[in-house]
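Q: Could you take a close look at one part of this structure, going through how its pieces are paired, covered and connected? Please then place that part beside some other local features, so that I can follow the packing from residue to residue.

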Amino acid sequence: MNKPTFRTAILLLSILIAAGLFPASAGAYSYGSANTEAVAETFKLAAGKLNAEPPDWTAAKAAYGEIRSELESHFGKDVTKEMDDAFAAQDKNRVLADWKGVLVLNLDRRFTYAEQVFTDYNQAKTLLAKARATYETLKPYMTEQVSDQKLAELDQAFEDALNALGNPGLFGVGKKEPNPDLFKQKIKLIYDTVSPLFQEAGGGNMATGEPGASPAPHPPMTQTNKTNTAVTIGAVVIVAAVAALLYWRSRRRKS
Amino acid sequence: MPGKRSQIGWAAAVVLGLAYAVFGAYHLSPWAAAWDEVDFVLALDRFDLLAMQPHAPGYPYFILGGRLMRFITEDPVRALGLWNLLLVCSSAYPIYRIARRWTAPVYACLAVALTLTLPMNWTLAVRPMSEGAALAILWWYLWTLVRVCEKGTGGRWLAAAFMFGLLMGTRLSYAPFGLGLLLVWILAWREREVSLRLRYSRAILWAGAAAAFQLLWVAGLAAAEGGIRGTMVLMAGFGEGHFTQWGGGVAQSGLPFRERFVRFVADNWLWSGMSAQSALLAVMAGLLAIAALVMYGKKKSRAVAHPKRREQMLTAAGLIAACALAYAVWALLGQNIAKPRHAAPLASLTIFALGVWAVRSRTRTVTALAVLFAAGQTAIGAHLVMLQHDQWPAVYQLADRLKDHPAPRTVVYTWEEERVLRYLNVPVQTVPIFTYEYFMADIAAQPSSRILLTGSVWEEFRRQSGLPESKVRLVGVFRSDPRLDPVYGTIPLYEWNREQ
């Protein structure tokens, strides 16, 4: 191997990498979380805006607008109609109560589907995580009515439900068998504790307290944008591979 | 040079190595005091990327090693530390082998000592962070890389590709070191003396082998998450960086480039990474470098190496330097600058290079200085490792205080400390928060709760909405050595004042 070759190679690659690779991956290292829940996140945003003095109705409504169609498809027209009316009346307490009712419906929705896809470890786990994100959002609104012990119990119930899903293990180490009955029992405990607390919410008819009774026009995990990300990544990888191959061939022809 | 003197030398080296291992084993850090450390520790009981135990991209070999160590110690924190220590001790061999490219055995041993006792890296070698294991594997990888570059046989390539697979499965952020593998691959392709057919088949087989070793850990990860598709969705979710503002800590990613550069090179790499913020070590390192430089200038007739050996040296140096440069650029631009440990591989390579280069001047003064330097560094490093073992990290002190006051309906708003507090099972509600508006809505919902906030939260709230000092009352300040707990080495705790 001669030195000039070596030097050119280093130079070339350094430029290539500095120019192409790094800006793209800058910031990729972060504590991102895949288990946030859109309905819950927008609720936090809207609650913050409405809590201001004076309430920021424009921002709150915009947040609601972001997820309105999703709410309609998951929970039916009655729910969005009630919320539209609450927004139109600019009744802060009614909007927040409605939205909490929606969160309870969402908790039920995530639990129901998690139970349905129980054998699909990955999906069930994701759905359970989304249920938990929903629960964590409701938590501050529960502390005044529920004891610290009860809250701790609910936290533990989520842990137990997660463990009840089993675990494939890492390279087979740490494999755990699933326990569907325990899972059902734990999510029922959580739902039965949480849902009555928000019974008064939503003008009476939002959170019905019946597990599994919510309208279900969509299969689980319908957040298509998430699936698309995976597809996009796959496509980019394939395109890059093809491009590299073509470049390689053209170089070979020339030399 | 077989002889009595050399035998004594070897015995001394082995004794020192054993002492290093035993000292480390008795000073394994008992703390999981940072977000990442808690992630790793929890992963030993249940591997679950979604629950961030550990966080993406999974570090599967590191976790596997930790699980293996649990046959020796039940404590997951010490198990991970022990795995790190074991690998770091083993890395003495590749460091020695690489140093032998330039110097005689005794000096190569000195280079090993200098590299392994670098204070900040030494603390990493005994705490539950993946850097300890990754640094060790990095040295193994660099050695196999130099070997395959010197003589491109299939076996040597396999070894290097295997080591790179181990490295990536232990810490993906060391990926830029893969540049070395790529360079060797390209150079092998350009070897004109070999027939085209052989070059073709070699290029394909080698690339295939390297890819297969990467696929191994990726597949293991996917299986642990219950499927490729789900894992990819998960990774994409992490990549979106929803919590980017959190990782930043004091130094936001929005830092101007010049300041970022200065902080990375001067602070993270040299002052913290190399000298552990000790003026004495910085001065000694400077003296050693200057003395070596002077000696090189004085001595016109250095021992001239054989041309073939000279090329060997240049190859190894160039290859490692190229890798280090690639990593430096990546760490500067892509890594969280608030955490000096991201510069650890650079510090490790720098001290190694300084040591080897200095002793190659072959003068008594420089050698004496190098030995003195190694001794000083060992003393300061050992002291830091003991401090890490004994001192309660600030966040543990905070958790302890919260246990002391189990007032009903207390809510603590925090940043990244939340992860540790939950892990320690503090008997109060802990909530991670970033946005002031969310906080206001939250506390409005619970009028009878006692509200506490940590310093980072309070500072951020003040930045967001210019609150007066009177909104809070200082409850306490918890401190530990900022070198061991960067970002969260000082944690003030405030109580929120509702009336004001």
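A: In this predicted model, a convenient place to begin is B:Arg419, which lies over the face of B:Trp35 at 5.8 Å from the ring centre. The stretch of chain to look at closely is the right-handed β-α-β unit made by strand S1, helix H20 (residues 417–423) and strand S2 of chain B.

Strand S1 of chain B, residues 410–414, is mostly covered, with 5 of its 5 residues buried. B:Thr410, B:Val412 and B:Thr414 point one way from this strand, while B:Val411 and B:Tyr413 point the other way, and burial applies to all of them. In a regular strand, side chains alternate between the two faces of the sheet.

Two other strands pair with S1(B). With strand S3 (residues 450–454) of chain B, S1(B) pairs in the parallel sense over 4 bridges; within that pairing, B:Thr410 has B:Arg450 as its bridge partner, and B:Val412 has B:Leu452. With strand S2 (residues 429–432) of chain B, S1(B) is again parallel and is joined by 4 bridges, and here B:Thr414 stands opposite B:Pro432.

Following S3(B) onward, 4 of its 5 residues are buried, so the rest of the structure largely encloses this strand. S3(B) is also joined to S5(B) by 3 bridges, and these two strands run antiparallel, with B:Thr454 opposite B:Leu493.

Helix H19 (residues 394–404) of chain B belongs in this picture too, and its buried residues include B:Ala394, B:Val395, B:Tyr396, B:Leu398, B:Ala399 and B:Leu402. Among the elements that cover the buried residues of H19(B) are S1, H20 and S3, together with strand S4 (472–479) and strand S5 (490–496), of chain B. H20(B) therefore has two roles to note, as a member of the β-α-β unit and as part of the cover over H19(B).

For comparison, chain B also has regions to which a record assigns a feature. The unreviewed UniProt entry places "transmembrane region" at several stretches of chain B, including residues 269–293 and 342–359. Over residues 269–293 the chain is 84% helix and 0% strand, with the end C-alpha atoms 21 Å apart, and over residues 342–359 it is 89% helix and 0% strand, with the end C-alpha atoms 28 Å apart.

Residues 77–96 of chain B are another of the stretches with that annotation, and B:Asn84 can serve as a residue to examine there. B:Asn84 has its place in helix H4 (residues 76–90) of chain B and is buried, with a relative accessible area of 0%. Leaving aside neighbours within four places in sequence, its contacts include B:Phe62, B:Leu124, B:Arg127 and B:Met129. B:Asn84 and B:Gly66, 18 residues apart in sequence, lie 8.5 Å apart from C-alpha to C-alpha.

Returning to the rings, B:Arg147 lies over the face of B:Trp143, at 5.3 Å from the ring centre. A search of the whole structure finds 39 aromatic pairs over all chains. One of them is formed by A:Tyr64 and A:Phe87, which are stacked at 4.9 Å centre to centre with 20 degrees between the planes. A:Tyr64 lies in helix H3 (residues 57–75) of chain A and A:Phe87 in helix H4 (residues 77–88) of chain A, so this pair ties together parts that are 23 residues apart in sequence. Both A:Tyr64 and A:Phe87 are buried. In chain B, B:Trp157 and B:Trp206 form a stacked pair at 4.6 Å centre to centre, with 10 degrees between the planes. That pair links distant parts of the chain, 49 residues apart, with B:Trp157 in helix H9 (residues 154–170) and B:Trp206 in helix H11 (residues 196–225) of chain B. B:Trp157 is buried at a relative accessible area of 2%, and B:Trp206 counts as buried at 6% relative accessibility.

A:Tyr64 and A:Phe87 also belong to one aromatic cluster, along with A:Phe43, A:Trp57, A:Trp99 and A:Tyr141. The chain that holds this cluster has 9 helices and 0 strands. Of the 255 residues of chain A, 45% count as buried, and among its contacts between residues at least 6 apart in sequence, 67% join residues at least 24 apart.

Notes: Residues are numbered from 1 along each chain as its sequence is written. Chains are lettered from A and ligands numbered from 1 in the order in which they are written. This is a predicted model: local features need pLDDT of at least 70, side-chain atom pairs count only at pLDDT 80 or more; totals for chains, interfaces and linings use all residues. Side-chain values use heavy atoms; hydrogens and water are left out. Rings of Phe, Tyr and Trp (its six-membered ring) pair if their centres lie within 6.5 Å; planes under 30 degrees apart count as stacked, over 60 as edge-to-face and the rest as tilted. Buried means under 20% relative accessible area, exposed over 50%, partly exposed in between (1.4 Å probe, protein chains only). A charge sits over a ring if NZ of Lys or CZ of Arg is within 6 Å of the ring centre and within 35 degrees of the ring normal. UniProt positions are given in the numbering used here, feature names are shortened, and annotations may be inferred rather than shown by experiment. Two strands pair if DSSP finds at least two bridges between them. A crossover is right-handed if, with the strands pointing away from the viewer, the path from the first strand over the helix to the second runs clockwise. Contact means heavy atoms within 4.5 Å.
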